[in-house]
Amino acid sequence: NSSPYVFNNVTSNHTVTAKFSNIFSIVVLPSPDGIISPSGTVSVTYGDSLVFNITPNTGYQIDSIFVNGVYVGNTSPFTVYNITTNVTIRVKFRLKTYTVTVIQPSNGSISPTGPLTVSHGDNKTFTVSPSTGYHIDSIFINGSYVGNISPYTLSNITGNSTVSAKLSINTYSITVTQPQ
């Protein structure tokens with residue numbers, strides 16, 4: 001089990017046999033935010049290399065990969081080369097973030113102003129305020145009409161987005177009646 005081994009008080013011939021293990025374990029710590037393959041405990045032979053595929057769950061991305069507690073990057077696939085000892089692998093994931101750009105309309109405003117950084121799945125509420133004499137004609141998300149009611153909530157954000165609005169001048173009908 002340990003080297004060197006000392007024989008004391010030798011009075012006869014002895015046969016010494018040493019058994020060396022060249023099998024090592026790679027322990028992959030599980031994460032609730034993604035899949036690491038292979039997973040669990042994997043046995044490898046001295047000097048082998050092993051490729052790991054890391055797949056984040058929806059809305060997550062790889063933040064960092066650690067081998068025996070040391071940061072080694074954040075890309076997949078990831079390879080551990082020339083394995084000569086037991087190894088522990090841990091992957092840290094983080095929620096994706098997106099940018100919401102707010103395009104301010106003429107004759108009014110949208111609040112909050114942008115750009116805004118939001119996390120995957122977030123909701124964000126916007127208030128469109130027309131200037132005096134104007135009204136909300138249309139609110140657009142990524143160029144698509146979503147209505148004309150303020151405040152408007154952009155729900156379950158899953159990518160970069162743009163918020164804009166068209167404000168129109170108020171018009172009035174004047175009816176003139178002639179006296180008889």
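**Exercise 1. Proline loops**

Task: In this predicted model, locate P151 and find which residue shares a cis peptide bond with it.

Solution:
- Step 1. P151 sits in the loop between β14 and β15, the latter covering 152–154.
- Step 2. Look at the bond that joins S150 and P151. It is cis, with omega about 5°.
- Step 3. Now go to P38. This proline lies in the loop between β2 (34–37) and β3 (40–45).
- Step 4. The peptide bond from S37 to P38 is also cis, and its omega is near 0°.

**Exercise 2. The open sheet**

Task: State the strand order of the 5-stranded open sheet, then explain why β11 and β14 each have one side without a neighbour.

Solution:
- Step 1. The order is β11-β9-β16-β13-β14, with mixed pairing.
- Step 2. β11 (116–119) and β14 (144–147) stand at the edges. Each has a single partner strand, so one side of each lacks a neighbour in the sheet.
- Step 3. From one strand to the next, the twist averages 35°.
- Step 4. Take one pair inside that order. Strands β9 (97–102) and β16 (161–169) run parallel and are joined by 3 bridges.
- Step 5. Within this pair, V102 stands opposite V163 of β16.

**Exercise 3. A contact across the sequence**

Task: Find how far K96 is from S119, in sequence and in space.

Solution:
- Step 1. Place K96 in the loop between β8 and β9.
- Step 2. Check its cover. K96 has 30% relative accessibility, so it counts as partly exposed.
- Step 3. In sequence, K96 and S119 are 23 residues apart. In space, their C-alpha atoms are 5.9 Å apart.

**Exercise 4. Partners of β5**

Task: Describe how β5 pairs with β8 and with β6.

Solution:
- Step 1. Start with β8. It runs antiparallel to β5, and 7 bridges join the two.
- Step 2. In this pairing, I65 stands opposite V91 of β8.
- Step 3. Turn to β6. It too is antiparallel to β5, with 3 bridges between them.
- Step 4. Here V67 has V70 of β6 as its bridge partner.
- Step 5. β5 and β6 form a hairpin with 2 residues between the strands.

**Exercise 5. Asparagines with positive phi**

Task: N68 and N142 are asparagines to inspect. Give phi for N68 and for N142, and classify the exposure of N68 and of N142.

Solution:
- Step 1. N68 is in the loop between β5 (60–67) and β6 (70–73). Its phi is near 50°, positive in a residue other than glycine.
- Step 2. N68 has 43% relative accessibility. It therefore counts as partly exposed.
- Step 3. N142 lies in the loop between β13 (134–141) and β14. Phi of N142 is near 50° and thus positive, again in a residue other than glycine.
- Step 4. The relative accessible area of N142 is 46%, so N142 is partly exposed.

**Exercise 6. The salt bridge**

Task: Identify the residues in the structure's 1 salt bridge and state which strands hold them.

Solution:
- Step 1. The pair is D63 and R94. Their closest N and O atoms are 2.9 Å apart.
- Step 2. D63 lies in β5 and R94 in β8. The pair therefore ties together parts 31 residues apart in sequence.
- Step 3. Check exposure. D63, at 25% relative accessibility, is partly exposed. R94 is partly exposed as well, at 37%.

**Exercise 7. Nonpolar residues, inside and outside**

Task: Find which residues touch the most other members of the largest nonpolar core. Then name the residues of a nonpolar surface patch.

Solution:
- Step 1. The core has 19 residues. I26, F52, I54, I83, I89 and V91 touch the most other members.
- Step 2. List the elements that give two or more residues: β1, β3, β4 (50–56), β5, β7 (78–80) and β8 (87–95).
- Step 3. β8 supplies the largest share, 4 residues.
- Step 4. Recall the general tendency: in soluble globular proteins, nonpolar side chains tend to be buried together.
- Step 5. Now look at the surface. Y5, F7, V10 and V16 form a nonpolar patch there, with about 450 Å² of accessible area together.
- Step 6. V16 belongs to the segment before β1 (23–28).
- Step 7. Classify V16. Exposed means over 50% relative accessible area. At 58% relative accessibility, V16 therefore counts as exposed.

Conventions. Residues are numbered from 1 along each chain as its sequence is written. This is a predicted model: local features need pLDDT of at least 70, side-chain atom pairs count only at pLDDT 80 or more; totals for chains, interfaces and linings use all residues. Side-chain values use heavy atoms; hydrogens and water are left out. Two strands pair if DSSP finds at least two bridges between them. Axes are lines fitted to C-alpha atoms, for helices over the stretch in contact, and angles run from 0 to 180 degrees between N-to-C directions. Patches are made of residues with over 30% relative accessible area and no salt bridge: like charges are joined within 9 Å, nonpolar side chains (Val, Leu, Ile, Met, Phe, Trp, Tyr) within 5 Å. Accessible areas come from the Shrake-Rupley method with a 1.4 Å probe; for residues, only the protein chains shown count as cover. A salt bridge is a side-chain nitrogen of Lys or Arg within 4 Å of a carboxyl oxygen of Asp or Glu. Buried means under 20% relative accessible area, exposed over 50%, partly exposed in between (1.4 Å probe, protein chains only). A nonpolar core is a set of buried Ala, Val, Leu, Ile, Met, Phe, Trp, Tyr and Cys residues joined through side-chain atoms within 4.5 Å.
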